[in-house]
Amino acid sequence: LKLGLLGPCLSADKDAGLARFGAGNVADVENLTVDGVTEPTDAMLRESIRKLKKFNVTLLKICKLSVLVTQNVTLIMEELDFNVFAIMSDVSLAPTFSELLYQGWWQGSSFLEPVAWDESRQTRGSFS
């Protein structure tokens, strides 16, 4: 398994990924913030997703990107014929995320909600 981090992820996300998968199996794409702009352009997303595809990422963690940008990530992944086993994002609990699902955005149905996923955590999460 190879983990891809997309967006401005916390150092805890990086550390947990490195501990779980090893340094050679974590791709960190941080080039999504330019001159303080936190909403990346389609071109920025496309470039980052191409890098993740080239690295053969199988699990994707999307960090601190809006629901609409997260939706756009999945559409660009589809356009580039890039599939992963699972996508994790902190926006999957947002009401607008659910609204998009109800409106037919089927790609969002495979997202994992935030849970404690590293054995170094003292608490356990649950799947819904």
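This note goes through a predicted model, from its overall layout to its cores, one helix pair and its salt bridges.

1. Overall layout. The protein chain holds four helices and five strands. Read from the N terminus, these elements follow the order β-α-β-α-β-α-β-α-β. The chain has 128 residues, and 42% of them count as buried. If one takes the contacts between residues at least 6 apart in sequence, 66% of these join residues at least 24 apart.

2. The largest nonpolar core. This core has 23 residues. Leu-60, Ile-62, Val-73 and Met-77 are the ones with the most contacts inside it. Two or more residues each are given to this core by α2, β3 (59–62), α3 and α4. Helix α3 supplies the largest share, with five residues.

3. Met-77. With neighbours within four places in sequence set aside, Met-77 is in contact with Ile-49, Leu-60, Phe-82, Val-84 and Ile-87. Met-77 is also one of the residues with the most contacts inside the largest core.

4. A second core. Another nonpolar core lies apart from the largest one and has nine residues. Leu-3, Leu-5, Val-26 and Cys-63 are among them.

5. Ile-87. This residue sits in strand β4 (residues 86–89). Its relative accessible area is 6%, under the 20% cut-off, so Ile-87 counts as buried. Beyond its neighbours within four places in sequence, Ile-87 touches Leu-60, Ile-62, Thr-74, Met-77, Ser-110, Phe-111 and Leu-112. One of these, Ile-62, is 25 residues away from Ile-87 in sequence, yet the two C-alpha atoms are 7.3 Å apart in space.

6. Helices α3 and α4. Two packed helices are described by the angle between their axes and the distance between the axes. The axes of α3 and α4 (residues 95–102) come within 9 Å and cross at roughly 40°. An angle of this kind is neither under 35 degrees nor in the 65 to 115 range, and α3 and α4 are therefore oblique to each other. From α3, the contact is made by Val-67, Leu-68 and Gln-71; from α4, by Thr-96, Phe-97 and Leu-100. By class, this contact of α3 with α4 has four nonpolar residues, two polar ones and no charged ones.

7. Gln-71. Is this residue of helix α3 buried or exposed? Gln-71 has a relative accessible area of 17%, and because the cut-off for buried is under 20%, Gln-71 is buried. Residues up to four places away in sequence not counted, Gln-71 touches Leu-100 and Trp-105.

8. Salt bridges. How many salt bridges does a search of the whole structure find? There are two. In one of them, the side chains of Glu-79 and Arg-46 meet, with 3.0 Å from N to O. This pair links distant parts of the chain: Glu-79 belongs to helix α3 (residues 67–79) and Arg-46 to helix α2 (residues 42–54), 33 residues apart.

9. Lys-51 and Glu-47. These two residues also form a salt bridge, and their closest N and O atoms are 3.5 Å apart. Both lie in helix α2, four residues apart, which is about one turn of the helix. Lys-51 is partly exposed, at a relative accessible area of 43%. Glu-47 is partly exposed as well, at 41%.

Terms used:
Residues numbered from 1 in each chain as written. Predicted model: local features only at pLDDT ≥ 70, side-chain atom pairs only at ≥ 80, totals over all residues. Heavy atoms only, no water. Salt bridge = Lys/Arg side-chain N within 4 Å of Asp/Glu carboxyl O. Buried < 20%, exposed > 50% of the residue type's maximum accessible area, 1.4 Å probe, protein only. Axes fitted to C-alpha atoms, helices over the stretch in contact; angles between N-to-C directions. Parallel < 35°, antiparallel > 145°, perpendicular 65-115°, else oblique. Contact = heavy atoms within 4.5 Å. Nonpolar A, V, L, I, M, F, W, Y, C, P; charged D, E, K, R; others polar. Core = buried A, V, L, I, M, F, W, Y, C linked by side-chain atoms within 4.5 Å.
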